[in-house]
Every structure is written in C-alpha cells, then in structure tokens.
Amino acid sequence: MTLSFSNIDFAYPGQATPILRNFSLTAETGDIIALQGASGSGKTTLFRLLLGFEKPTNGTITLDGKELVNEELFQFRNRTAWLPQDLDLGEGSLEEVFFYLFDFKNNKHKKPSKEKAYEIFEFLGLKDTQWNTGFRSLSTGQRQRIGIALCYFLDKEVLLLDEPTSALDEASKEKVKELLFDKNKIILSASHDPWWTTRCNKIVKINSPVV
Amino acid sequence: MNTIIDISWLQLALGLLILVIPIYILRRFKTKLIGSTVIAVVRMIVQLIFVGYYLEYLFKYDNPWVNLGWILIMVLVADFSTIDRSELKRDKGLLVSIFIATFLGVFIIDLFFLQFVIQLPNIMEAQYLIPITGMILGNCLRGNVIGINDFYYNLYRHQERYRFFMASGATKSEGLFPFFRSALIKSINPTLAAMATIGLVSLPGMMTGQMLSGSSPLIAIKYQIMIMIAIFAGTLLSVYLGIKFSLNVGFDRQNNFRTTILKKEKE
C-alpha cells in the first residue's frame, strides 16, 4: 500500500496565508512516520485532508495511485483508524460509546468481548475505569487510552495518531508502542514528544520534508 | 346539550380589557415585552379574523380542490416557518425537503384517521379535514423546529465526533445515528409530556371547543384521544422525514456536513 501527498497547498477559508505549501509525502506499508512541526504548522490538517474533511487547494492525495475522492475516499475511511487529540465519543456510558463503533457494518466482525476489551484497558492503565462511567466524565488521559484501545481493536491498515502520547507516562507510552506498532500498517503520527518520534522509523518535518 | 352562545364584537373587545393585568406586570418588572405583546395580540386577532372569514368560505363551498389548496398553503407557511425558526438558511433544497416531509407527515396521518378511523364518506370534507390538519400541522411545526434545529446545531457543535465516526468506517447513517436519535427524542418530548398530563392539568383546546359548541364530553374525549395519537404519530413522522430528506442538502458528496446551511455558523 502506498499513500501519497503530492504538492499539497491548503489554506483554511478566510485565511490569507496557506497552512501547507507544496507539501509532498509518500508512505508505504511498514512506515511509522512522525510528523514534526511547530503548533499550527499543519500536522492535524494533514490528517483532515487525508480523511477528506478538507479539500486541498492544489495537489492530490492518492492511495496506490488512485485519488482519494468519492468511492475511493469512502473505502479509505474504512481502512483507517484515527486517534484525534481530544477524543469525543459522545454522551453515554463508556460501554455504550466504546461498543457503538463495533455496531458499524464495517466493524462488526472486529467487536471484542467485554473481557478482552477490559484486558486491554487494564494493560493501558485503566484499572479503575468502570464500564458504566460516563464517557464525558473521563479525564483527557483516560479518553486517550480508550482511543488507543479502539485503534488496536479496529485493527485497520492505516493508523492516524494525533499526539498519541501527550497525556501518558513513559511506561504507558511503551505499552502503546507495543500495541500499535505493526509492520503491516502505515502509521502516521503527529507528535511533539521526542520519546515517540525517536521510535518512529521516519521523521517528516512539515514545510520541509526530509524523508 | 345547549348550543353555544355567540360573542358579539363588543363583548370580544371587552374581553381584551383583561390584558391590563399582564401588561401591568410586564411594565412593573421592566421586561420590555409590552411592544411584543401588543404586536402579538394584534397579529393574533388579524390572523384569526382572516382565517375565520376564509374558513366560512371553505366550509360553505366545501370544494375538495380549494380545501387541498388551503392545506398546501398551510404546509408552505409551516415550511418557511420551520426553516426560519430552526435557524437554517432558506436554501431551495431545504425548503423542498421540509415541504415534502411536512406534507407527507400530515397527509399520511390525515388519510389514516379520516378514511380508516372516522370513515368519512368524503375525506376532503372541510369540516373535518381543515381543523384536524391544522391541529396536526401546528404540532408538526413545533416538533420540526425542535428536531431539525437540534439535529443540525448538535451536529455543528460536535462535528469532530461525526468525523471520528466517519473516519472509523461508519456509513453516513451510522455516523449520524446518535444525532438523529437526540433530535427525535427532543422533538417528541413535549408531546409525550402533554399526553401524560392531559385531562389532569389541562383541558385541550379542541375538546374544549367541541364541548362549548354543544358536543357531549364523551364524543369530545374520543376525538381528543384520536387527535393526540395523530399529533404524536404525525410529529415523529414529519421530523423523521424532514431530517432524512434534508440530508441530501446538508452534506456534500464526501459526506461532510455543509455548515453553510446554518444561519449562525459561530454559535
């Protein structure tokens, strides 16, 4: 699988200065990429462009040579797992919102048992988290761990991780790496954390790619 | 049963004198609502006088086409009102979607009750069709405003959640399911509350009107039960259809939410 950003320009509506200018990147299966750049340099924007939530002003994004639009985009979204910076799964208990993602037709076959899910929660340091706890009442760190567990169980070919270790201690970071690093995937991560970036196998600096 | 005593225009004007009390209270607390109250009262009087004369004509001639035309006008007014009060822009596609949804909501319920329940020889008979449609439509409008506003503004506030679902393999329907559910619950709650307390804390307008015009309370309650069921079913149906039909306008080809349909993009 080859994912390519080719000469991407992008500016948010109403902004005169583009956030991305002539950005290119190629990622292949097995790549674990750390996107580096200052806050506001466009790391999260790259994920949004890739997922089709925003449209590049210029340039194309392709998967195996096919542009990610319409049907190709829908299929791509089904092959990704995304960990946003602040995961919002909505109202309801942890059990309701966690398993809702496995009610989707495309994810049904990946639904873990409650025991297996909790095993991973415990592994990620969520021992005191109860299934009936309201998702909204969880801390940022707890929500981040839930998101990581979701990425693990969804087991998609492309992982998009936005600051995956921002609220974690070093022991937990090691566990995240153990759970998610997989040579059969493309992993794109945006991170300010040197611990994380040194463990990725490629580093891309936004605005001046040095792959 | 006695027939109803007519009220003369002079007596009606006398009735307006009671407004002195609410106006005094509004003034005393400096609510700045006196102007709005006067406008609302004048509008109510003018609109009802207009409708009264128009309905006299409708009932007298009782022409099915004229009756249908009147219903279409009512649906059209409800359509604009739904869009405006839901804080959406008057987009052509939205107007058409909500119009069809509202019309179908009212039409299906009307057909069921007038044809199969009351078994009218002619379901287009003005005496039944107009007031029952008006009752259902008024409530559909309220439900639509609450439901459609909640659906689109809730989605706007929680776009990242919808996007997360879409990025996790959801179809559009799956991604929108929690928003749809919330909108349906919010739109139907007032009707549920009204059904649960009816007769205990309030005597509804239709039943009161029937009894005032000489109907037996037992006939009046049967009509009231029927109309409450019709309102409940009609409201839920038109909110469901309104959201469903408007989805084509509210989302682009990549299933992204078009926030440009909202009047207040920055809430």
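This is a short chat about a predicted model with a chain A and a chain B.

Reader: What should I know before I start, and how are residues numbered?
Author: Residues are numbered from 1 along each chain as its sequence is written, and chains are lettered from A and ligands numbered from 1 in the order in which they are written. The model is predicted, so to speak of local features takes pLDDT of at least 70 and side-chain atom pairs count only at pLDDT 80 or more, while totals for chains, interfaces and linings use all residues; side-chain values use heavy atoms, with hydrogens and water left out.

Reader: Okay. How many residues does each chain put into the contact?
Author: Chain A gives 30 residues and chain B gives 19 residues. Contact here means heavy atoms within 4.5 Å.

Reader: And how much area do they bury?
Author: About 2,100 Å² between them, with 50% of it on carbon and sulfur atoms. Buried area is the accessible area (1.4 Å probe) that two parts lose on being put together, summed over both.

Reader: How many salt bridges cross that interface?
Author: Three, by the rule used here. A salt bridge is a side-chain nitrogen of Lys or Arg within 4 Å of a carboxyl oxygen of Asp or Glu. One salt bridge joins the side chains of A:D88 and B:R161, at 3.2 Å from N to O.

Reader: How many residue pairs are in polar contact there?
Author: 11 residue pairs between chain A and chain B, both residues at pLDDT 80 or more. A polar contact is a pair of N or O atoms within 3.5 Å; within protein, one must be able to donate a hydrogen and the other to accept it, and residues adjacent in sequence count only if both atoms are side-chain atoms.

Reader: Which elements of chain A give two or more residues to that side?
Author: α2 (70-77), β6 (80-83) and α5 (140-154) of chain A. α2(A) gives the most, with four residues. Helices (H or I, at least four residues) and strands (E, at least two) are DSSP runs, numbered from the N terminus.

Reader: How do the residues on that side of chain A divide?
Author: Into 14 nonpolar, seven polar and nine charged. Ala, Val, Leu, Ile, Met, Phe, Trp, Tyr, Cys and Pro count as nonpolar, Asp, Glu, Lys and Arg as charged, and the others, Gly among them, as polar.

Reader: Back to salt bridges. How many over all chains?
Author: The count comes to 17. One of them pairs A:R143 with A:D86, at 2.9 Å from N to O. A:R143 lies in helix α5 of chain A and A:D86 in the loop between β6 and α3 (94-100) of chain A, so the pair ties together parts that are 57 residues apart in sequence.

Reader: Is A:R143 buried or exposed?
Author: A:R143 counts as buried, at 13% relative accessibility. A:D86 counts as partly exposed, at 48%. Buried means under 20% relative accessible area, exposed over 50%, partly exposed in between (1.4 Å probe, protein chains only).

Reader: What about a salt bridge in chain B, say at B:D84?
Author: The side chains of B:D84 and B:R90 meet at 2.6 Å, N to O. B:D84 is partly exposed at 23% relative accessibility. B:R90 is exposed at 52%.

Reader: Which residues do shared partners join into one network?
Author: A:R48, A:E54, B:E160 and B:R163. Within it, A:E54 and A:R48 meet at 3.9 Å, N to O. A:E54 and A:R48 are buried.

Reader: New topic. What is the strand order in the open sheet of four strands?
Author: β2-β1-β4-β5 in chain A, with antiparallel pairing. Two strands pair if DSSP finds at least two bridges between them. β2 (20-28) and β5 (66-67) stand at the edges with a single partner strand each, so one side of each is left without a neighbour in the sheet.

Reader: How many bridges hold β1 to β2(A)?
Author: Six, between β2(A) and strand β1 (residues 2-10) of chain A. A:L3 stands opposite A:A27.

Reader: And how covered is β8 of chain A?
Author: Strand β8 (residues 186-190) is mostly covered, with five of its five residues buried. A:I186, A:L188 and A:A190 are on one side, A:I187 and A:S189 on the other.

Reader: Which strands pair with β8(A)?
Author: Strand β3 (residues 32-36) of chain A pairs with β8(A) in the parallel sense over four bridges. Strand β7 (residues 158-162) of chain A is also parallel to β8(A), over five bridges.

Reader: Last one. How many helices and strands are in chain B?
Author: 10 helices and zero strands. Of the 267 residues of chain B, 40% count as buried.
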